[in-house]
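Subject: Structure handover

Hi,

Here is the structure I promised to pass on. Please open it alongside this email.

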Amino acid sequence: MVREIVIWPDPVLKEVAKPVDRVDDTIRRLLDDMAESMYAADGVGLAAPQIAERRRLIVIDTSPRQEGQRLIHLVNPEIVKLEGETTYTEGCLSIPGEAEDVERAAKVWVRALDYHGKPFELEADGLLAIAVQHETDHLNGIVFVDHLSSLKRELIRKRMKKLQAERAAERAEALKGAPKHERAL
């Protein structure tokens, strides 16, 4: 099921996500919903807080932009090593239409549980390394604009507040046109 992606500066995006106790069917359904939502929004990564779920879950698929990749599920990811430096122009599904240069590690090693709850380690470089760091930031209440100057961040915040208001108005208008039920059963 495609879920609505939360727009920054929604407070849920500033909260630290809680660890997952065990990977069960409920968690797998949530991971499936996250992947569907990411693909529907044409993204390469999505963290659970972006769909208002305060859990340490990430899905990433850089295959459209990075050869040899596939969908990756990260449950309770922990970055264990960073190496090098790179700058990448990042965007975010929770901050649509915005992109800015962010400095990140060029290579990362992450430890996590997979879709079935089995532990694994991942070594990542290129866009995958960027995505792992970006999405892990989301689990820690950090969005990419937190890496920018306060002036840039404030300009983007104003544009996102306007977008939030526009979307709220669209939802209200859609509700006005919905059929009314005279009585409940």
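Below are my notes, from the ground rules to the odd backbone spots.

This is a predicted model, in which local features need pLDDT of at least 70 and side-chain atom pairs count only at pLDDT 80 or more, while totals for chains, interfaces and linings use all residues. Residues are numbered from 1 along each chain as its sequence is written, and side-chain values use heavy atoms, with hydrogens and water left out.

**Strands**

Helices (H or I, at least four residues) and strands (E, at least two) are DSSP runs, numbered from the N terminus. Two strands pair if DSSP finds at least two bridges between them. Strand 3 (residues 72-83) pairs with strand 2 (residues 57-60) in the antiparallel sense, over four bridges. Within that pairing, L74 of strand 3 is the bridge partner of I58. Strand 3 also pairs with strand 6 (residues 107-113), again antiparallel, over six bridges. There, V75 sits opposite L113 of strand 6.

**Cores**

For burial, I use under 20% relative accessible area as buried, over 50% as exposed, and partly exposed in between (1.4 Å probe, protein chains only). A nonpolar core is a set of buried Ala, Val, Leu, Ile, Met, Phe, Trp, Tyr and Cys residues joined through side-chain atoms within 4.5 Å. The largest one has 17 residues, and those touching the most other members are I58, I60, L74, V108, L122, L128 and V132. Strand 2, strand 3, strand 6, strand 7 (119-125) and helix 2 each give this core at least two residues. Helix 2 makes the largest contribution to this core, with five residues. Another core, of 15 residues, lies apart from it and includes V12, I95, V143 and F144. In soluble globular proteins, nonpolar side chains tend to be buried together.

I58 is worth a click. Contact means heavy atoms within 4.5 Å, and, leaving aside neighbours within four places in sequence, the contacts of I58 include L31, M34, L46, L74, E135 and L139.

**Helices**

The expected span of a helix is 1.5 Å times one less than its number of residues. Helix 1 (residues 25-40) should span 22 Å for its 16 residues, and its end C-alpha atoms are 22 Å apart, so the two agree. Its buried residues include I27, L30, L31, M34 and M38. The buried residues of helix 1 pack against strand 1 (45-47), strand 2 and strand 3.

E36 is in helix 1 too, and is partly exposed at 39% relative accessible area. Although E36 and R3 are 33 residues apart along the chain, their C-alpha atoms are separated by 8.1 Å. Not counting neighbours within four places in sequence, E36 is in contact with M1 and V2.

Helix 2 (residues 126-139) has 14 residues and reaches 21 Å from its first C-alpha to its last, close to the 20 Å expected. In helix 2, 13 of the 14 residues are buried, so the rest of the structure largely encloses it. One residue to look at in helix 2 is D137, which is buried at 12% relative accessible area. Beyond residues up to four places away in sequence, D137 touches R104, I142 and H147.

**A loop and a ring**

L71 belongs to the loop between strand 2 and strand 3 and is partly exposed at 25% relative accessibility. L71 and V59 are twelve residues apart in sequence, with 7.0 Å from C-alpha to C-alpha.

K81 lies over the face of W109, at 4.4 Å from the ring centre; a charge sits over a ring if NZ of Lys or CZ of Arg is within 6 Å of the ring centre and within 35 degrees of the ring normal.

**Backbone oddities**

Most residues other than glycine have a negative phi, and most peptide bonds are trans. Which residues does a cis peptide bond join? They are W8 and P9, with omega about 15°, and P9 is in the segment before helix 1. D42 has a positive phi, near 60°; D42 is in the loop between helix 1 and strand 1 and is exposed, with a relative accessible area of 56%. N76, in strand 3, also has a positive phi, near 50°. G141, which follows helix 2, has a positive phi near 75°.

Cheers
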